[in-house]
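Got a minute to poke around a protein model together? Have a look at the backbone and the surface first.

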Amino acid sequence: MYLYNLTLQKGTGVTHAIHGNFSGGKQQEVLLSRGKSLELLRPDPNTGKVHTLMSTEIFGCIRALMSFRLTGGTKDYIVVGSDSGRIVILEYIPAKNALEKVHQETFGKTGCRRIVPGQYFAIDPKGRAVMIGAVEKQKLAYIMNRDTQARLTISSPLEAHKSNTLTYHMVGVDVGFDNPMFACLEIDYEEADLDPSGDAAQHTQQTLTFYELDLGLNHVVRKYSEPLEEHANFLVSVPGGNDGPSGVLICSENYLTYKNLGDQHDIRCPIPRRRNDLDDPERGMIFICSATHRTKSMYFFLLQTEQGDIFKITLETDDDVVSEIKLKYFDTVPPATAMCVLKTGFLFVASEFGNHYLYQIAHLGDDDDEPEFSSAMPLEEGETFFFAPRALKNLVLVDELPSFAPIVTSQVADLANEDTPQLYVLCGRGPRSTLRVLRHGLEVSEMAVSELPGNPNAVWTVKKRVDDEFDAYIIVSFVNATLVLSIGETVEEVTDSGFLGTTPTLCCAALGDDALVQVYPDGIRHIRSDKRVNEWKAPGKKSITKCAVNQRQVVITLSGRELVYFEMDPTGELNEYTERSEMPAEIMCMALGTVPDGEQRSWFLSVGLADNTVRILSLDPNNCLSPCSMQALPSPAESLCLVEMGHTESTTTAVGDEDVPAQRSGGSNKGTIYLNIGLSNGVLLRTVLDPVSGDLADTRTRYLGSRPVKLFRIKMQGSEAVLAMSSRTWLSYYHQNRFHLTPLSYETLEYASGFSSEQCSEGIVAISTNTLRILALEKLGAVFNQVAFPLQYTPRTFVIHPDTGRMLIAETDHNAYTEDTKSARKEQMAEEMRNAAGDEERELAREMANAFISEALPEDVFSAPKAGLGLWASQIRCLDAMHGQTMFNVPLTQNEAIMSMAMLKFSIAADGRYYLAVGIAKDLQLNPRISQGGCIDIYKIDPTCSSLEFLHRTEIEEIPGALCGFQGRLLAGCGRMLRIYDLGKKKMLRKCENKHIPYQIVNIQAMGHRVYVSDVQESVFFIRYRRAENQLIIFADDTHPRWVTATTLLDYDTIAIADKFGNLSIQRLPHSVTDDVDEDPTGTKSLWDRGLLSGASQKSENICSFHVGEIIMSLQKATLIPGGSEALIYATLSGTVGAFVPFTSREDYDFFQHLEMHMRNENPPLCGRDHLSYRSSYYPVKNVLDGDLCEQYLSIDAVKQKSIAGDMFRTPNQICKKLEDIRTRYAF
């Protein structure tokens, strides 16, 4: 079996975020690390919408990310610490829209190791040096400089190692232009290591150490070190030099401390807590992330606590000595991994879990009535300030970036009966978790919908002048009339536009610089800018049936076959070309391309005929309307569209095509001209048109739907795109170096045109039955559009009721209260408030207590209260995924945690009803793992899945980690025991058991007589159930340990296994394995039949291995497109959705294997990791090819593309077609 790994949806979780002027202009960008890929975003300063500029896989694990700028420079560089054992400096090249390596210096081994640097970065704020540190022992400093050509140079590394030292964080201290200084949080574990009693470990203190890089002597010195009172988790550098006092802020548990060298004494301030918080009072509070904003005149810090509250921190100075720290509550946003304050006044928040947000900073919170806390306020040791959280006041949400991370589990199913299956994904953590329904398609924003007085048959938009920014008119054609609407603040009907309103219209367009043209069945109406009208009438009884128009040319057909060609002369008149041309069959459709810049005309006309052909005719004045080429079609063409695609605004080279000779005007080679052909049987063809000879080549086909395909040319992000309408509407566009053909998640449309107005610069105006709709597409490049339904606790697993399609979701949260406990706790705190008050304040206290009970902060914003370790809250939710309604909830009592769930039918019950088995752990402590046993609850499901009837509870001594229906009974993994239970009257009855699983069962699959049991760390055991002897016998197992997270059966002998280190492996039982083995009750046989590596006597063999790089949480064999083939669909913790696609022929496998090999050589990964060693991080990669690497072929430069294609005896076009085909055959 050979597989090809395709990423459908790139990871959406963010591990690091930095901001800077990477493109060198005045604009600020945000660079995100998504674990194993880098993505560059640009927030639009006017609208606040976030646009993705580029995204690139780095085939490695990004551990640290920083930006820096050389003194006096205008552009920020990016420095990346990864698992490659190299420091890499990247620069963003806007012309290529790509990140390029400026420097790559090797210093250590690959992999995320303790003593290899790359985990921490610290940059000198003036950009003169960078320090890169490991978790333990090693630190290296590099000096940055410029050479005579102003290029960035990097020195050899200077060592600052210290053994037996662990590092927690490091920052560059701002010292102006003195020697660069770095501050590190460290701990020396030497004494603790040598002391067997463990006392020394209790008393070891963290130290704050300053390292100075002496630029004169070119070495690093440990300048100063002092022990810290509390355990700190990170440092924030304070502006220095002429801008501030320098030094660092130390964020530790419950305290914020300012420290600096010299005669500065420490300034300490407690971290404020929420008033009347339900959290465990013993629990410490820490800051988790920070952002610094500095301008020439001021600076401030935003620090976020783990509950999501942001505080604005300012420092009061007295002669360059800090005298106090001031804190003020700013706002509450979801807890973040990184925050960036942009110079344009935005705050970007990369959330730990769930969607990421961009906020506008509306106020700095200086003049509001929020209390300000200061380190100068007198407080007893151990006391703190209190504040009241509130809704957003200083921040305004302007954009939201959807994120699926973390995906807990997922399933592909067509519950909505839409032909195309949907992906049902459980995401998130705690009160911010959701069930998301993902559909393949682009999200459509509906700007306006208005009813029309009848059913229109076409719509166009036109500009009054060619250089106008926005459209002036919308023209709607009916069966016997034409309606003209003017576009302004509102859209209203006008009658003085010069268009003829009493006839249907075939086409409208802007002509020349400032004229308009209307083609109708009886003639052509040419409307000049001064409202003069020229008419050309159709001769005799002939009428115009089809037409094609661009800025300077008009082509019409008379009575079906005769072509008449008009061209605009320099005076702005339309002149008919003398000869008319008769076609051999009836003309079904025509298309003209747009006139290229600096040219008189479009050189070709494409015509679709009733004899199932498309013909290209030349419009060269020397041999006008003479045929150039022809292509036969499987069915008649419904519509044609000529577009130039394949170049974005920033790139100027054609991607993925042959040397197209320069256009006739001597202009440079821009994009490629594509002829899109929509057929009457619902198929779309895309063919390359040679701009010199007019030949057609390289046809791609795609089935779109059951209706004939109509095509419309529109503008998307400044380049041409095609809207194709069948039973669904599709958009074909070119984005980030590759073609996308994506359906719109919207109802069926009938006709459309591009639309541009002040409110909506790039929209679509379309008609559907009797309505006119204005739509906008904002999220280009997205594969899925999503509908999200909120959940209360972290979802763990779900099952789908087969008869109704409703979902039963198990939700469980650790460190959480159930609703009952929460209200009881609130009552208790309110009672304490009433009792603590004296006689005078009794009334006031009662009011405050009542207000406290009635106050309900939404937990998805303000986080749920942390109850303490070992406290659990769970519930079972029934959800109608079509409408997102929760049908009912079944809450469990406090400290019951749902560990597993299964839906099954019991053959003994003989009622044909489905039952729900729920495995529950009681009073579970995670570390060390202690529990008070568990139980299995059985519920009877109503046939319409509208209620659960509780039958009984079976107490068991271990935790039920996995449940599965098996031959009308229940298989349960209780700790390390595998048992079969049957339904009894009062509880479940144990029928059979196997005790030979080593540690803990986490997953059970069953097929036929076989059971496939996953152990937490010993991979999968293959078990046969022998009914006659009532025995479960292990007949085969795996040769390697695997820490299983998800499995799925591919067939009776084959199972796909994902583990917690990000690997996928497929195990198959060889033909020689038999499952007809006997249990050995005496144990004598076991001495000689233990076979290989103790374990079972037979072993499965590994047929595929691949390191995905993210933890796979769910695996499923499914088809994603109607009529497609099956693939192995996976979803990861970081929000990636991907597929492993089987090769159907050896030839395809060889082709992609060669392409992958060439790509490894020609285009090595950006951050210096070797691609082959990355994909073989744990087990050597076997029989799986990396589609992500192969698809980078589409974005490398044309010279490299040609050389690779030459080595493979192909053309670049053929390679691009192969890449597109394997994608569209299985997925999108």
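Here are a few questions and answers on backbone oddities and a surface patch.

This is a predicted model, where local features need pLDDT of at least 70, side-chain atom pairs count only at pLDDT 80 or more, and totals for chains, interfaces and linings use all residues. Residues are numbered from 1 along each chain as its sequence is written, and side-chain values use heavy atoms, with hydrogens and water left out.

Q: Between which strands does the loop with P406 sit?
A: Strands here are DSSP runs of E, at least two residues, numbered from the N terminus. P406 follows A405 through a cis peptide bond, with omega near -10 degrees. Its loop runs between β33 (395–401) and β34 (407–413).

Q: What is omega for the peptide bond from N927 to P928?
A: P928 is in the loop between β72 (915–922) and β73 (934–941). The bond into P928 from N927 is cis, with omega near -5 degrees.

Q: Which strand holds D698?
A: D698 isn't a glycine, yet its phi is positive, about 55 degrees. Look for D698 within residues 696–703, which is strand β58.

Q: Is S1019 buried or exposed?
A: S1019, also not a glycine, has a positive phi of about 60 degrees. Buried means under 20% relative accessible area, exposed over 50%, partly exposed in between (1.4 Å probe, protein chains only). S1019 has 0% relative accessibility, so it counts as buried.

Q: How does Y1178 count at 46% relative accessibility?
A: Y1178 lies in the loop between α8 (1171–1175) and β90 (1184–1186); helices are DSSP runs of H or I, at least four residues. With 46% relative accessibility, Y1178 counts as partly exposed.
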